[in-house]
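The following exercises concern a predicted model. Each task is followed by a worked solution that proceeds step by step.

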Amino acid sequence: MIASEYSRPFLQSGQCIVADYDLQWIEDVLQEAAHEAGVSLPFRRELAEGVLLYLEEKCQLKALPLEYLFGRLRSVLRALGLPLIAEHLHEQMPPVDIELDALAGESPLPLFFYAKLRERMEALRRMGLTAYRFSGAHRCSLLLGSRRRACPAQRKMLQELESFLAAQAA
């Protein structure tokens, strides 16, 4: 059994099912489309809130195909008189959270940690998930450096971690 904190449906794309998406993700998708269209969207928060309200209170589906969600969102944008934004709206899955501190707890040696992180990101990419949120970077750097509190060695480890994540995102 899968439990979700929210009453909104899961998003499905192929074999991937994501339950953790939020208002910020919808706002970001709308902002990206508006930016690509070269227009402003000053009420994107209200529009995103309306989408979440629909998903939580009106949508009867347990799993919602991503294509369907974006198709409906395009229809709403066109009905609001925003066809340029609708044309530039790209289907994308919400970012997946990768808990760096939990991963470092499993593999506390940097060599194994970075290999395991790379494997996890590649596995997610193969499933079509390309957007990530990383949490627990500070605690991760403490674990990888075998430190109890911040020090120059820990800050160096954190900087290396941030550089690695930036290189993987590119």
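**Exercise 1. Determine the environment of the Arg-8 side chain: which backbone oxygen lies 2.4 Å from one of its polar atoms, and is Arg-8 buried or exposed?**

Step 1. The backbone oxygen is that of Tyr-21, 2.4 Å from a polar atom of the Arg-8 side chain.

Step 2. Locate the residue in the chain. Arg-8 belongs to the segment that precedes β1 (10-13).

Step 3. Apply the burial cut-off. Arg-8 has 8% relative accessibility and therefore counts as buried, the limit being under 20%.

Step 4. Look for a side-chain partner. The side chains of Arg-8 and Glu-56 are joined by a polar contact of 2.7 Å.

Step 5. Complete the surroundings. With residues up to four places away in sequence not counted, Arg-8 touches Tyr-21, Asp-22, Leu-52, Leu-55 and Glu-56.

**Exercise 2. Describe the packing of α1 on α2: at roughly what angle do their axes cross, and how do the residues of the contact divide by character?**

Step 1. Two packed helices are described by the angle between their axes and the distance between the axes.

Step 2. For helix α1 (residues 23-37) and α2, the axes cross at roughly 125° and come within 9 Å. Because this angle falls in neither the parallel, the antiparallel nor the perpendicular range, α1 is oblique to α2.

Step 3. The handedness of the α1 and α2 crossing is right-handed.

Step 4. On the α1 side the contact involves Leu-23, Ile-26, Glu-27, Leu-30 and Gln-31; these meet Arg-44, Arg-45, Leu-47, Ala-48, Glu-49, Val-51 and Leu-52 of α2.

Step 5. Sorted by character, the residues of this α1 and α2 contact comprise seven nonpolar, one polar and four charged.

**Exercise 3. Carry out the analysis for α2 and α3: within what distance do the axes come, and which residues make the contact?**

Step 1. Helix α2 (residues 44-57) and helix α3 (residues 66-79) have axes that come within 12 Å and cross at roughly 130°. It follows that α2 is oblique to α3.

Step 2. The α2 and α3 crossing is right-handed.

Step 3. Leu-47, Val-51 and Leu-55 of α2 make the contact with Leu-69, Leu-73, Val-76 and Leu-77 of α3.

Step 4. The division by character is seven nonpolar, no polar and no charged residues.

Step 5. An α-helix has 3.6 residues a turn, so residues three or four places apart point the same way.

**Exercise 4. Examine Gln-154: which side chain is joined to that of Gln-154 by a polar contact of 2.7 Å, and which helices does the buried side of α7 pack against?**

Step 1. Gln-154 is part of helix α8 (residues 152-169). With 1% relative accessibility, Gln-154 counts as buried.

Step 2. The partner is Ser-141, whose side chain forms the 2.7 Å polar contact with that of Gln-154.

Step 3. Beyond its neighbours within four places in sequence, Gln-154 is in contact with His-138, Ser-141, Leu-142, Arg-147 and Arg-149.

Step 4. Ser-141 is one of the buried residues of helix α7 (residues 137-144), together with Cys-140, Leu-142 and Leu-144. The buried residues of α7 pack against α5 (100-106), α6 (110-126) and α8.

Step 5. Just after α7, the phi of Ser-146 is positive, about 50°.

Key. Residues are numbered from 1 along each chain as its sequence is written. This is a predicted model: local features need pLDDT of at least 70, side-chain atom pairs count only at pLDDT 80 or more; totals for chains, interfaces and linings use all residues. Side-chain values use heavy atoms; hydrogens and water are left out. Axes are lines fitted to C-alpha atoms, for helices over the stretch in contact, and angles run from 0 to 180 degrees between N-to-C directions. Helices (H or I, at least four residues) and strands (E, at least two) are DSSP runs, numbered from the N terminus. Angles under 35 degrees count as roughly parallel, over 145 as roughly antiparallel, 65 to 115 as roughly perpendicular and the rest as oblique. A crossing is left-handed if the near helix is turned anticlockwise from the far one by less than a right angle, and right-handed if clockwise. Contact means heavy atoms within 4.5 Å. Ala, Val, Leu, Ile, Met, Phe, Trp, Tyr, Cys and Pro count as nonpolar, Asp, Glu, Lys and Arg as charged, and the others, Gly among them, as polar. Buried means under 20% relative accessible area, exposed over 50%, partly exposed in between (1.4 Å probe, protein chains only). A polar contact is a pair of N or O atoms within 3.5 Å; within protein, one must be able to donate a hydrogen and the other to accept it, and residues adjacent in sequence count only if both atoms are side-chain atoms.
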